[in-house]
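I opened this entry to keep a record of what I looked up, going from the contact between chains to single residues. What follows the structure is in the order in which I checked it.

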Amino acid sequence: MAQPQAKQTTLEARLGSMALPEGGLWASAAREAALTRLQAIGLPDRRDEYWKFTRPDSLVQAEAPHAALFLNDDEPDSFAAVDRLKLVFVDGVFDAEASDDLTLEGVRIERLAVAAKSDIHWARDLYGVLEGRGQTPVARPLATLNTAYATDGVLIHVTGRPSKPINLVYVHKSEISDAILHHVIKLDPEAEATILENGPAAARFNKVMEVDVAEGARFHHIRTQGRDHERRAATHIFARLGAQSLFKSFTLTANGVMTRNECVIELLGDDAVAHVAGAAMGDGDFHQDDTVFVTHDALRCESRQVFKKVLRNGATGVFQGKILVKPGAQKTDGYQISQALLLDEDSQFLAKPELEIYADDVACSHGSTSGAIDEDALYYLRARGIPRPIATDLLTMSFLAEAVEEIEDEGLRDDINSQLAAWLERRRR
Amino acid sequence: MLEIKNLHVDLEEEDKTILKGVNLTVEAGTVHAIMGPNGSGKSTLSYVLSGRDGYTVTDGSATLAGVDLLDMEPEERAAAGLFLAFQYPVEIPGVGNMTFLRTAVNAQRKARGQEEMSAAEFLKVVREKAKTLQIDADMLKRPVNVGFSGGEKKRNEILQMAMLEPKMCILDETDSGLDVDAMKLVSDGVNALRDEGRAFLVITHYQRLLDHIKPDVVHIMYDGRIIKTGGPELALEVEQNGYADILAEVA
């Protein structure tokens, strides 16, 4: 389909002098195919149905907007207390010195930059493939751009149950960096792994993570997106779930002038479970968007979307969440909740919950609310002697709890909770 | 301990006068009960004393141990020694009961310039007090009042009272929603706290709570005023004859 002239112009400007990274047969084929797809769909603009609430301009413009560096010296980095295998990227460039040895039992970890040079690789069956599947019925051009131009990332093949999480650490050191990373994670049947991600990554970050969860495998994902106020990020997760598999993803977004997190999940095997959750906290110049699309295409699958946003001083939160139940996906159990706690009158929450159901024996529920602190609860706490600011923080933590409780591991949950509490404490007045 | 003089209170939203000149003195070491028909202003009195939003004091005063209550924030009143056991305790998902209790205890201590209680010390004390109220470890761990039965919620209120050790305890229809056994348990908890330096104001519709928590003085409230004050026998009279006789007598 021919694109409107404006879209063509935007795409040409964005691609500018960028060349497809060089690579072996499999990677080149995937990149060229992605570029062809991208040229057909163009980059997002405000007229696109799923970009009405979030201005794509800063994410598609040729140069990454300037983002001042942020010194995070008042709290430990996320997951600092967790025994983990660390892979560090600085402004999108792998930092071997800061990273751990990539050897870990039960998993094979390779860098895309290295693996792309070979002519044959297992990632061929997934790289750009899950992303491609996720382009219908809604186009996600920034992910296609990523598939074509990502220079690095990690390819993780989980064959067993590695003893510790793999932590992708994204450091931001340049005020104009424009990073594109693409990860592929393949879990064999009955395998189990936890992936942690943290850090702002770059002035502008475009990241795709494709996850293939085979029968009976279990995937856990917890990320924090960094406290840099001026950073921008467009991230995508594309997950495909086999029978009786589990996928759980939790994201903490605290600060960031622009964040768009898309998550596209296909439940293809019977009895699979997918939970995707997020807690976002924004103060002032903050725009955070969760766009989620869950497709049920098998029997008795369960999906949960739990998104909570705390907004103040004119911050904006967006939620666009869909549950699509295909014909025959009987006994589907779908749940979706998106809620915003507006701490003042200037902040706003824009939500578009969608259900599209073609099976007749399913249970799907969805809800979306926005509101202020519950005055009755506030009074109750204050009547016990808890001063208003502390009581407000407790109730804010209470509001976020349903999302945070989606994290199974207690240690990781505590880590996230302490970051939430610290964020609130810094703003106490 | 608690001294209320000529208290007049309007409901902000409806521009309606609820309390029309309440006079009440509760001495340290005593238990006073307030009874009265629905809508007479009993709960409003407890809310106004504890500092809930939505009420305007148009006249009169209320002091706790000589300190003006009405000028203070709710948390300051609590730190000054006032405690209200709620008729409908609020559920707070995601905040553990223990965290809530410890935050409250330490916030009050801090406000009074006392040292905060250590986690270990707090745990020891709370376990001890919880045991006498038959509150198990699970109830302490669960989010505040979430999924608690009516009786559990009221016992939890008494546990908070026991931990905070207030000077002046107001119990707002603590007997509502309680079965006989739960009422006994709650009353025992209250009686255990009876002390020379502490006073109680028990708001109730029914005599049966007063069988367990024996009052020194009983007040009848009607249309925003205390219309009659007497000994425990007054509660029995209400139980047997209702309010009609008393109202007729005053009118």
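The notes below cover the conventions, the interface, the salt bridges, the fold of one chain and two single residues.

**Conventions**

I am working with a predicted model, in which local features need pLDDT of at least 70 and side-chain atom pairs count only at pLDDT 80 or more, whereas totals for chains, interfaces and linings use all residues. Residues are numbered from 1 along each chain as its sequence is written, chains are lettered from A and ligands numbered from 1 in the order in which they are written, and side-chain values use heavy atoms, with hydrogens and water left out.

**Interface of chain A and chain B**

I began with the contact (heavy atoms within 4.5 Å) and found that 19 residues of chain A and 29 residues of chain B take part in it. The two chains bury about 1900 Å² between them, and 63% of this lies on carbon and sulfur atoms; buried area here is the accessible area, with a 1.4 Å probe, that two parts lose on being put together, summed over both. On the side of chain A, I noted that A:Y379, A:Y380 and A:R384 supply 43% of the area that this chain buries against chain B, more than any other three residues.

I then listed the polar side of the interface, where the rule finds 13 residue pairs in polar contact, both residues being at pLDDT 80 or more. A polar contact is a pair of N or O atoms within 3.5 Å; within protein, one must be able to donate a hydrogen and the other to accept it, and residues adjacent in sequence count only if both atoms are side-chain atoms. Helix 7 (375–383) and helix 8 (388–404) of chain A each supply at least two residues of the side that touches chain B, and helix 7 gives the largest share, eight residues. Helices (H or I, at least four residues) and strands (E, at least two) are DSSP runs, numbered from the N terminus. I sorted this side of chain A into eleven nonpolar, two polar and six charged residues, with Ala, Val, Leu, Ile, Met, Phe, Trp, Tyr, Cys and Pro counted as nonpolar, Asp, Glu, Lys and Arg as charged, and the others, Gly among them, as polar.

**Salt bridges**

Side chains of opposite charge can pair when their charged atoms come close. With a salt bridge taken as a side-chain nitrogen of Lys or Arg within 4 Å of a carboxyl oxygen of Asp or Glu, I count 48 over all chains, and four across the interface of chain A and chain B.

Which residues form a salt bridge with A:R382? I found B:E75, with the closest N and O atoms 2.6 Å apart, and B:E73, at 2.5 Å from N to O. B:E73 lies in the loop between strand 5 (67–68) and helix 2 (74–79) of chain B and A:R382 in helix 7 of chain A, so this pair joins two chains. A:R382 is buried at a relative accessible area of 5%, while B:E73 is partly exposed at 38%; buried means under 20%, exposed over 50% and partly exposed in between, with a 1.4 Å probe and protein chains only.

Within chain A, I noted a salt bridge between A:E262 and A:R140, whose closest N and O atoms are 2.6 Å apart. A:E262 sits in strand 13 and A:R140 in the loop between helix 5 and helix 6, 122 residues apart, and both are buried.

**Chain B as a whole**

I read ten helices and twelve strands in chain B. Buried residues make up 53% of its 251 residues.

**Two single residues**

B:Q87 is placed in the loop between strand 6 (82–85) and strand 7 (92–96) of chain B, and it counts as buried at 13% relative accessibility. Its side chain makes a polar contact with that of B:Y88 at 3.3 Å.

B:S61, in strand 4 (residues 55–64) of chain B, is partly exposed with a relative accessible area of 28%. Its C-alpha atom is separated by 6.8 Å from that of B:N6, 55 residues apart along the chain.
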